[in-house]
Amino acid sequence: APIDRSAPAATPASAVHQELPGEQVHVQLAGLGPGRESDDRFTVAALSTILGESTSSRLFTELRENRGLAYDTGSYTAPALGASEVGVYISTGIDSAPEAAALLGSEVRSFRADGPTDEEVELAKRQLKARVMLARENMSERAASLGSALLAGRRPLPVEEVIERIESVTTESVWEMASTVFEPATLHAGSAGPGSDVAAAALESAGSGSLNA
């Protein structure tokens, strides 16, 4: 039977908390992005890089360096056929969890509302191109890239074309992607650890801003 590559329908926003013992609280916000077969994956990669995939990213700078709220923070993409999960996360202390969760949500809301700067997009593109060139030196990463392309039903791209696709990403395309991925009506939050339900705080802050830290 042919592989179904159609995107799943978005589901209404939700927040879930799992009470667990320990000394840290983990909080995550995620939305629905394009599938691994989509050309928009390069825009998603730039978005994630700007938000949390380096020490110059927004989340690392604001939540960890400026506020000292995070043991760890970042962003990620989990691609599948037809759709991907695009999210942000933070691990923090019990006492600081409500503030950290609200701030995580407000960073998402700010990115959706105002978009990235031209400088952030250019830096993200340089970082992505550097990763591509470094991956060429690693045979397991090259094999994984080829396998991913074949599983997604697309042709493997030569490195020159990958660089061109990265270069084609614009500030406007990243902003438009953020508006779609972090749409409040379909954004989902989860938290795990001791203490109160901070997933709801993150979700509310990402949507309405009423809990803005």
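**Exercise 1. Classify Glu167 by its accessibility, then find its salt-bridge partner.**

Solution. Step 1: Glu167 has a relative accessibility of 37%, so Glu167 counts as partly exposed. The model used here and in the exercises below is predicted.
Step 2: The partner of Glu167 is Lys129, and the closest N and O atoms of this salt bridge are 2.3 Å apart.
Step 3: Locate the two residues. Glu167 belongs to helix α6 and Lys129 to helix α4; the pair links distant parts of the chain, 38 residues apart.

**Exercise 2. Decide whether Arg58 is buried or exposed, and state what its salt bridge ties together.**

Solution. Step 1: The relative accessibility of Arg58 is 17%. Buried means under 20%, so Arg58 counts as buried.
Step 2: The side chain of Arg58 meets that of Glu120 in a salt bridge, at 2.8 Å from N to O.
Step 3: Arg58 is in helix α2 (residues 58-66) and Glu120 in helix α4, so the salt bridge ties together parts 62 residues apart in sequence.

**Exercise 3. Describe the salt bridge between Arg165 and Asp39, and name the network that holds both residues.**

Solution. Step 1: The two side chains meet at 2.9 Å, N to O.
Step 2: Arg165 sits in helix α6, while Asp39 sits in the loop between β2 (24-33) and α1; the pair links distant parts of the chain, 126 residues apart.
Step 3: Compare each value with the cut-offs: partly exposed lies between 20% and 50%. Arg165, at 21%, therefore counts as partly exposed, and Asp39, at 49%, also counts as partly exposed.
Step 4: A network of salt bridges links Asp39, Arg41, Glu161 and Arg165. The structure holds 10 salt bridges.

**Exercise 4. Characterise the largest pocket: its volume, its lining and the elements that supply the lining.**

Solution. Step 1: The space in the largest pocket comes to about 1,200 Å³.
Step 2: Its lining has 31 residues, and those nearest the centre are Arg41, Phe42, Val132, Ser145 and Val162.
Step 3: Two or more lining residues come from each of α1 (41-52), β3 (72-80), α4 (118-135), α5 (139-151) and α6 (159-167). The largest share, seven residues, is given by α5.
Step 4: Sort the lining by residue type. There are 17 nonpolar, six polar and eight charged residues.
Step 5: Relate the pocket to the earlier exercises. Arg41, one of the residues nearest the pocket centre, is also part of the salt-bridge network of Exercise 3.

Definitions and conventions
Residues numbered from 1 in each chain as written. Predicted model: local features only at pLDDT ≥ 70, side-chain atom pairs only at ≥ 80, totals over all residues. Heavy atoms only, no water. 1 Å grid on protein atoms, 1.4 Å probe; cavity = no way out; pocket = protein on both sides within 12 Å on 5 of 7 lines; lining within 4 Å. Points joined across faces, edges and corners; volume = space filled by probe spheres on them. Helix = DSSP H or I, 4+ residues; strand = E, 2+ residues; numbered from the N terminus. Nonpolar A, V, L, I, M, F, W, Y, C, P; charged D, E, K, R; others polar. Salt bridge = Lys/Arg side-chain N within 4 Å of Asp/Glu carboxyl O. Buried < 20%, exposed > 50% of the residue type's maximum accessible area, 1.4 Å probe, protein only.
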